[in-house]
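Me: I have a model open and would like to learn how to read a ligand site and its cysteines. Could you walk me through it?

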Amino acid sequence: MIHVLFVCLGNICRSPMAEAILRDLINKEGLSDHITVDSAGIGHWHVGASPHEGTRDILDQNRISYEGLAARQVDPSDWDRFDYIIAMDQKNMRDLQGIREKNGVVVKMFMDYVSTHDKKDVPDPYFTGNFDEVYELISQGCVGLLEEIKQNDRNKEELS
Ligand code: 4NP
(Lines give C-alpha, C1' and ligand atoms only; values in the text may rest on other atoms or scores of the structure.)
Protein backbone atom coordinates (compact mmCIF):
# COMPACT_ATOMS: atom_id res chain seq x y z
CA MET A 1 0.00 0.00 0.00
CA ILE A 2 1.11 3.54 -0.78
CA HIS A 3 -0.20 6.35 1.43
CA VAL A 4 -0.33 9.96 0.21
CA LEU A 5 -0.93 13.05 2.39
CA PHE A 6 -1.61 16.51 0.95
CA VAL A 7 -0.89 19.48 3.21
CA CYS A 8 -2.01 23.11 2.99
CA LEU A 9 -2.57 25.83 5.57
CA GLY A 10 -6.22 25.41 6.60
CA ASN A 11 -7.14 21.98 5.10
CA ILE A 12 -10.38 23.38 3.71
CA CYS A 13 -9.45 24.64 0.21
CA ARG A 14 -6.42 23.21 -1.60
CA SER A 15 -5.45 19.97 0.13
CA PRO A 16 -8.99 18.54 0.39
CA MET A 17 -9.47 19.43 -3.30
CA ALA A 18 -6.31 17.44 -4.10
CA GLU A 19 -7.46 14.58 -1.87
CA ALA A 20 -10.82 14.37 -3.65
CA ILE A 21 -9.32 14.65 -7.15
CA LEU A 22 -6.53 12.11 -6.60
CA ARG A 23 -8.96 9.65 -4.94
CA ASP A 24 -11.27 10.02 -7.94
CA LEU A 25 -8.39 9.22 -10.33
CA ILE A 26 -7.34 6.25 -8.18
CA ASN A 27 -10.90 4.89 -8.15
CA LYS A 28 -11.24 5.34 -11.92
CA GLU A 29 -7.96 3.46 -12.47
CA GLY A 30 -9.01 0.64 -10.11
CA LEU A 31 -6.11 1.34 -7.76
CA SER A 32 -8.03 1.95 -4.54
CA ASP A 33 -6.66 -1.27 -2.99
CA HIS A 34 -3.12 0.01 -3.59
CA ILE A 35 -3.10 3.76 -2.87
CA THR A 36 -4.77 5.75 -0.07
CA VAL A 37 -5.11 9.55 0.13
CA ASP A 38 -5.61 11.94 3.03
CA SER A 39 -5.10 15.66 3.68
CA ALA A 40 -4.27 17.87 6.66
CA GLY A 41 -3.60 21.48 7.56
CA ILE A 42 -0.69 23.23 9.22
CA GLY A 43 -3.22 25.28 11.22
CA HIS A 44 -5.85 24.03 13.63
CA TRP A 45 -8.55 26.69 12.97
CA HIS A 46 -10.88 24.58 10.83
CA VAL A 47 -10.49 21.16 12.47
CA GLY A 48 -13.62 19.09 11.82
CA ALA A 49 -14.90 21.42 9.07
CA SER A 50 -16.07 20.36 5.61
CA PRO A 51 -14.21 21.72 2.58
CA HIS A 52 -14.72 25.43 1.77
CA GLU A 53 -17.78 26.26 -0.34
CA GLY A 54 -15.55 27.20 -3.30
CA THR A 55 -13.86 23.79 -3.20
CA ARG A 56 -17.22 22.03 -2.83
CA ASP A 57 -18.69 23.97 -5.77
CA ILE A 58 -15.88 23.19 -8.19
CA LEU A 59 -15.85 19.52 -7.15
CA ASP A 60 -19.64 19.37 -7.61
CA GLN A 61 -19.30 20.92 -11.08
CA ASN A 62 -16.84 18.18 -11.98
CA ARG A 63 -18.83 15.40 -10.28
CA ILE A 64 -16.04 14.55 -7.87
CA SER A 65 -17.05 13.33 -4.41
CA TYR A 66 -15.84 15.03 -1.22
CA GLU A 67 -18.10 12.96 0.99
CA GLY A 68 -16.84 12.53 4.54
CA LEU A 69 -13.95 14.99 4.26
CA ALA A 70 -13.28 16.87 7.49
CA ALA A 71 -10.31 19.10 8.25
CA ARG A 72 -7.59 17.93 10.60
CA GLN A 73 -4.20 19.25 11.65
CA VAL A 74 -0.88 17.73 10.60
CA ASP A 75 0.55 15.47 13.30
CA PRO A 76 4.17 14.31 13.75
CA SER A 77 2.89 10.69 13.55
CA ASP A 78 1.98 11.39 9.90
CA TRP A 79 5.67 10.88 9.04
CA ASP A 80 5.30 7.25 10.21
CA ARG A 81 2.07 6.61 8.33
CA PHE A 82 2.59 8.22 4.91
CA ASP A 83 4.94 7.51 2.00
CA TYR A 84 4.37 10.87 0.27
CA ILE A 85 3.70 14.19 2.02
CA ILE A 86 2.92 16.87 -0.57
CA ALA A 87 2.99 20.57 0.36
CA MET A 88 0.83 23.08 -1.50
CA ASP A 89 3.21 26.03 -1.05
CA GLN A 90 6.68 26.92 0.16
CA LYS A 91 5.44 28.17 3.51
CA ASN A 92 3.67 24.85 4.11
CA MET A 93 6.97 23.11 3.24
CA ARG A 94 8.95 25.22 5.72
CA ASP A 95 6.35 24.55 8.40
CA LEU A 96 6.46 20.80 7.67
CA GLN A 97 10.25 20.83 7.97
CA GLY A 98 9.85 22.44 11.37
CA ILE A 99 7.44 19.78 12.61
CA ARG A 100 9.57 16.72 11.91
CA GLU A 101 12.72 15.48 10.17
CA LYS A 102 12.07 13.83 6.87
CA ASN A 103 12.99 10.15 7.71
CA GLY A 104 12.14 7.94 4.70
CA VAL A 105 9.12 9.91 3.54
CA VAL A 106 9.05 11.64 0.15
CA VAL A 107 8.25 15.27 1.09
CA LYS A 108 7.70 17.34 -2.06
CA MET A 109 6.04 20.46 -3.43
CA PHE A 110 2.77 19.92 -5.30
CA MET A 111 3.84 22.23 -8.13
CA ASP A 112 6.75 19.86 -8.91
CA TYR A 113 4.06 17.73 -10.56
CA VAL A 114 2.62 20.53 -12.72
CA SER A 115 4.87 20.71 -15.78
CA THR A 116 3.11 23.57 -17.57
CA HIS A 117 3.72 26.24 -14.91
CA ASP A 118 6.82 27.77 -13.33
CA LYS A 119 4.93 28.82 -10.20
CA LYS A 120 6.32 27.31 -7.02
CA ASP A 121 3.09 27.62 -5.02
CA VAL A 122 -0.49 26.54 -5.57
CA PRO A 123 -2.17 29.95 -5.03
CA ASP A 124 -4.41 30.01 -1.97
CA PRO A 125 -8.03 30.48 -3.12
CA TYR A 126 -9.04 31.31 0.45
CA PHE A 127 -7.38 34.66 -0.28
CA THR A 128 -7.55 34.91 -4.11
CA GLY A 129 -11.11 33.56 -4.51
CA ASN A 130 -9.99 31.84 -7.73
CA PHE A 131 -11.00 28.21 -7.27
CA ASP A 132 -11.10 27.54 -11.04
CA GLU A 133 -7.38 28.25 -11.45
CA VAL A 134 -6.55 26.04 -8.48
CA TYR A 135 -8.76 23.23 -9.80
CA GLU A 136 -6.85 23.25 -13.11
CA LEU A 137 -3.45 23.16 -11.38
CA ILE A 138 -4.47 20.48 -8.91
CA SER A 139 -6.07 18.28 -11.58
CA GLN A 140 -2.89 18.40 -13.61
CA GLY A 141 -0.62 17.82 -10.62
CA CYS A 142 -2.62 14.81 -9.42
CA VAL A 143 -2.13 13.12 -12.79
CA GLY A 144 1.62 13.79 -12.57
CA LEU A 145 1.85 12.57 -8.99
CA LEU A 146 -0.07 9.38 -9.77
CA GLU A 147 2.29 8.69 -12.68
CA GLU A 148 5.30 9.10 -10.35
CA ILE A 149 3.77 6.78 -7.75
CA LYS A 150 3.10 4.14 -10.38
CA GLN A 151 6.61 4.52 -11.82
CA ASN A 152 8.26 4.26 -8.39
CA ASP A 153 6.20 1.15 -7.70
CA ARG A 154 7.24 -0.43 -10.99
CA ASN A 155 10.90 0.31 -10.22
CA LYS A 156 10.56 -1.29 -6.78
CA GLU A 157 9.02 -4.43 -8.30
CA GLU A 158 11.84 -4.64 -10.83
CA LEU A 159 14.41 -4.37 -8.05
CA SER A 160 12.81 -7.01 -5.80
P1 4NP B 1 -6.13 26.31 2.41
O2 4NP B 1 -6.71 27.81 2.50
O3 4NP B 1 -4.78 26.32 3.11
O4 4NP B 1 -5.99 26.05 0.95
O5 4NP B 1 -7.14 25.41 3.10
C6 4NP B 1 -6.86 28.47 3.73
C7 4NP B 1 -7.96 28.22 4.51
C8 4NP B 1 -8.13 28.91 5.69
C9 4NP B 1 -7.18 29.84 6.10
C10 4NP B 1 -6.07 30.08 5.32
C11 4NP B 1 -5.91 29.39 4.14
N12 4NP B 1 -7.36 30.57 7.30
O13 4NP B 1 -6.53 31.46 7.57
O14 4NP B 1 -8.32 30.33 8.03
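Reply: Happy to; we will take the ligand site and then the cysteines, keeping in mind that this is a predicted model.

Me: Let's begin with the surroundings. Which residues are around the ligand?

Reply: Start by listing the neighbours. Here the ligand is surrounded by a run from Cys 8 through Leu 9, Gly 10, Asn 11, Ile 12 and Cys 13 to Arg 14, together with Trp 45, His 46, Asp 124, Tyr 126 and Phe 127. By character, this shell divides into seven nonpolar, three polar and two charged residues.

Me: Which polar atoms lie by the ligand's oxygen atoms?

Reply: Look at backbone and side chain separately. On the backbone side, an N or O atom of Leu 9 sits 2.8 Å from a ligand oxygen, and a polar backbone atom of Asn 11 is 3.2 Å from an oxygen of the ligand. From a side chain, an N or O atom of His 46 comes to 2.7 Å from a ligand oxygen.

Me: How much of the ligand does the protein bury?

Reply: Taken alone, the ligand exposes 350 Å², and the protein buries 92% of that.

Me: Now the cysteines. How many disulfides are there?

Reply: A disulfide is a covalent bond joining the sulfur atoms of two cysteines. The count in this model is zero.

Me: Why is there no bond from Cys 8 to Cys 13?

Reply: Because the sulfur of Cys 8 is 6.9 Å from its closest cysteine sulfur, that of Cys 13, which is too far for a bond; the cut-off is 2.5 Å.

Me: Are these two buried or exposed?

Reply: Cys 8 is buried, with 2% relative accessible area, and Cys 13 counts as buried at 4%.

Definitions and conventions
Residues are numbered from 1 along each chain as its sequence is written. This is a predicted model: local features need pLDDT of at least 70, side-chain atom pairs count only at pLDDT 80 or more; totals for chains, interfaces and linings use all residues. Side-chain values use heavy atoms; hydrogens and water are left out. A residue is near a molecule or strand if one of its heavy atoms lies within 4 Å of it. A polar contact is a pair of N or O atoms within 3.5 Å; within protein, one must be able to donate a hydrogen and the other to accept it, and residues adjacent in sequence count only if both atoms are side-chain atoms. Accessible areas come from the Shrake-Rupley method with a 1.4 Å probe; for residues, only the protein chains shown count as cover. Ala, Val, Leu, Ile, Met, Phe, Trp, Tyr, Cys and Pro count as nonpolar, Asp, Glu, Lys and Arg as charged, and the others, Gly among them, as polar. Buried means under 20% relative accessible area, exposed over 50%, partly exposed in between (1.4 Å probe, protein chains only).
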